[in-house]
Amino acid sequence: MRIETVVGILIPFLGTALGSASVLFMKNKLNPLLQRGLTGFAAGVMVAASIWSLIIPAIEQSEFMGKLSFIPAVIGFWFGILFLLLLDRTIPHLHMNSSRAEGPESNLQKTTMLVLAVTLHNLPEGMAVGVVYAGWLSGDAGITAMGALALSLGIAIQNFPEGAIISMPLRAEGISRKKAFFYGTLSGAVEPVGAVLTVLAAGFVIPLLPYLLSFAAGAMIYVVVEELIPEMSEGKHSNVGTVLFAAGFTVMMALDVALG
């Protein structure tokens, strides 16, 4: 495995770790307005990454199908949506907007379930990075090293607020700063693991690359619509989340075009 691939796989995990490190020097509670803004920015990054780094390449790699080149992207996208819907229904977890939860759980239990939710969301992101780097390593998928790096950087940017959203509430519930940082960082560990497994399975991945790229896009869009948009729109000043959504979208779009 090339060093560029190893670095690219680890960059998103670093984003989670840096976000979790916020607990080491910030107050116990993340400002709700800041949280909405960070969530909106992360949502914008994920949507742009889904379009420019995943769906468009999936369509381009199916150009031999002519006017039907959209079919693999549509099929993969819907499989991604349905896969996350299935996980959402079968694995007990809390939505990122914890105020939507019902039942007698303590705040600590809710925060623990939130860790599971973010970990669940990181799965398609890890797969996306792995699929893109597997395509680049194949040499004939039309994916450049800089294009793959752009996706890794974009996911790292949106992982930063996720890390903070995990570690800060844990600290507020009385967990030590070091443990809160550890648990926040741990929530992102599934990303490099999923990416490495995908790269190692490159022989099986490459023939299905258009489907897998759009699968990752569908899974990421599901997370945005189901979790991030409701979170960024909650309460007063919801326009902050909307504006930062646009900012995140343009940052990721610029990264992909400039580096791709």
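Colleague: Let's start with threonine 5. Which helix is the place of threonine 5?

Modeller: Threonine 5 sits in helix H1, residues 3–20. Keep in mind that this is a predicted model.

Colleague: How do I read its surroundings: is threonine 5 buried or exposed?

Modeller: Look at the relative accessible area; under 20% is called buried. Threonine 5 comes out at 0%, so it is buried. Then ask what touches it. Leaving out residues up to four places away in sequence, threonine 5 touches Tyr133, Trp136, Leu137 and Val199.

Colleague: Two aromatics there. How many aromatic pairs does the structure hold?

Modeller: Four aromatic pairs. For any pair, check the distance between ring centres and then the angle between planes, where over 60 degrees counts as edge-to-face. Tyrosine 133 and tryptophan 136 have ring centres 6.1 Å apart and planes at 85 degrees, so this pair is edge-to-face.

Colleague: And where do tyrosine 133 and tryptophan 136 lie?

Modeller: Both are in helix H4, three residues apart, which is about one turn of the helix. Both tyrosine 133 and tryptophan 136 are buried, too.

Colleague: Let me zoom out. How many helices and strands does the secondary structure come to?

Modeller: Ten helices and zero strands. Written along the sequence, the pattern is α-α-α-α-α-α-α-α-α-α.

Colleague: What share of the residues in the protein is buried?

Modeller: Of the 260 residues, 48% are buried. For the outside, the protein exposes about 11,800 Å², with carbon and sulfur atoms supplying 71% of that area.

Colleague: What about contacts along the sequence: what percentage join residues at least 24 apart?

Modeller: Set a minimum separation before counting. Among contacts between residues at least 6 apart in sequence, 85% join residues at least 24 apart.

Colleague: Now the core. How many residues has the largest nonpolar core?

Modeller: To read a core, follow buried nonpolar residues joined through their side chains. The largest one here has 39 residues, and those with the most contacts inside it are Leu54, Val132, Leu151 and Leu213. Helices H2 (32–60), H3 (71–90), H4 (107–138), H5 (145–172), H7 (190–200) and H9 (209–232) are the elements giving two or more residues to this core. The largest share, eleven residues, comes from H9.

Colleague: Take one of those residues, then. What does leucine 213 touch?

Modeller: Beyond residues up to four places away in sequence, leucine 213 touches Ser53, Leu54, Pro57, Ala58, Gln61, Val131 and Val132. There is also a second, separate core of six residues, including Val23, Met168, Ile175 and Ala180.

Colleague: Serine 152 caught my eye. Is serine 152 buried or exposed?

Modeller: Read the percentage first, then the neighbours. Serine 152 has a relative accessible area of 1%, so it is buried. This serine lies in helix H5. Setting aside neighbours within four places in sequence, serine 152 is in contact with Gly8, Ile11, Pro12, Val129 and Tyr133.

Colleague: How about the surface? Which residues make the nonpolar surface patch of about 560 Å²?

Modeller: Leu68, Phe70, Val74, Trp78, Leu82 and Leu85 make that patch. Valine 74, in helix H3, is partly exposed at 41% relative accessibility.

Colleague: And leucine 197: is leucine 197 buried or exposed?

Modeller: Over 50% counts as exposed. Leucine 197 is at 55%, so it is exposed. This leucine is found in helix H7. Leucine 197 and valine 131 are 66 residues apart in sequence, and 9.8 Å apart C-alpha to C-alpha.

Colleague: Which residues is tyrosine 211 in contact with?

Modeller: With neighbours within four places in sequence left aside, tyrosine 211 is in contact with Pro72, Ile75 and Gly76. Tyrosine 211 belongs to helix H9 and is partly exposed at 33% relative accessibility.

Colleague: One last case. What distance separates the C-alpha atoms of phenylalanine 245 and phenylalanine 41?

Modeller: Compare separation along the chain with separation in space. Those two are 204 residues apart along the chain, yet their C-alpha atoms are separated by 4.4 Å. Phenylalanine 245 is in helix H10, residues 239–259, and counts as partly exposed at 21% relative accessibility. Apart from neighbours within four places in sequence, phenylalanine 245 is in contact with Gly40, Phe41, Ala43, Gly44, Val47 and Met232.

Definitions and conventions. Residues are numbered from 1 along each chain as its sequence is written. This is a predicted model: local features need pLDDT of at least 70, side-chain atom pairs count only at pLDDT 80 or more; totals for chains, interfaces and linings use all residues. Side-chain values use heavy atoms; hydrogens and water are left out. A nonpolar core is a set of buried Ala, Val, Leu, Ile, Met, Phe, Trp, Tyr and Cys residues joined through side-chain atoms within 4.5 Å. Buried means under 20% relative accessible area, exposed over 50%, partly exposed in between (1.4 Å probe, protein chains only). Helices (H or I, at least four residues) and strands (E, at least two) are DSSP runs, numbered from the N terminus. Contact means heavy atoms within 4.5 Å. Patches are made of residues with over 30% relative accessible area and no salt bridge: like charges are joined within 9 Å, nonpolar side chains (Val, Leu, Ile, Met, Phe, Trp, Tyr) within 5 Å. Accessible areas come from the Shrake-Rupley method with a 1.4 Å probe; for residues, only the protein chains shown count as cover. A salt bridge is a side-chain nitrogen of Lys or Arg within 4 Å of a carboxyl oxygen of Asp or Glu. Rings of Phe, Tyr and Trp (its six-membered ring) pair if their centres lie within 6.5 Å; planes under 30 degrees apart count as stacked, over 60 as edge-to-face and the rest as tilted.
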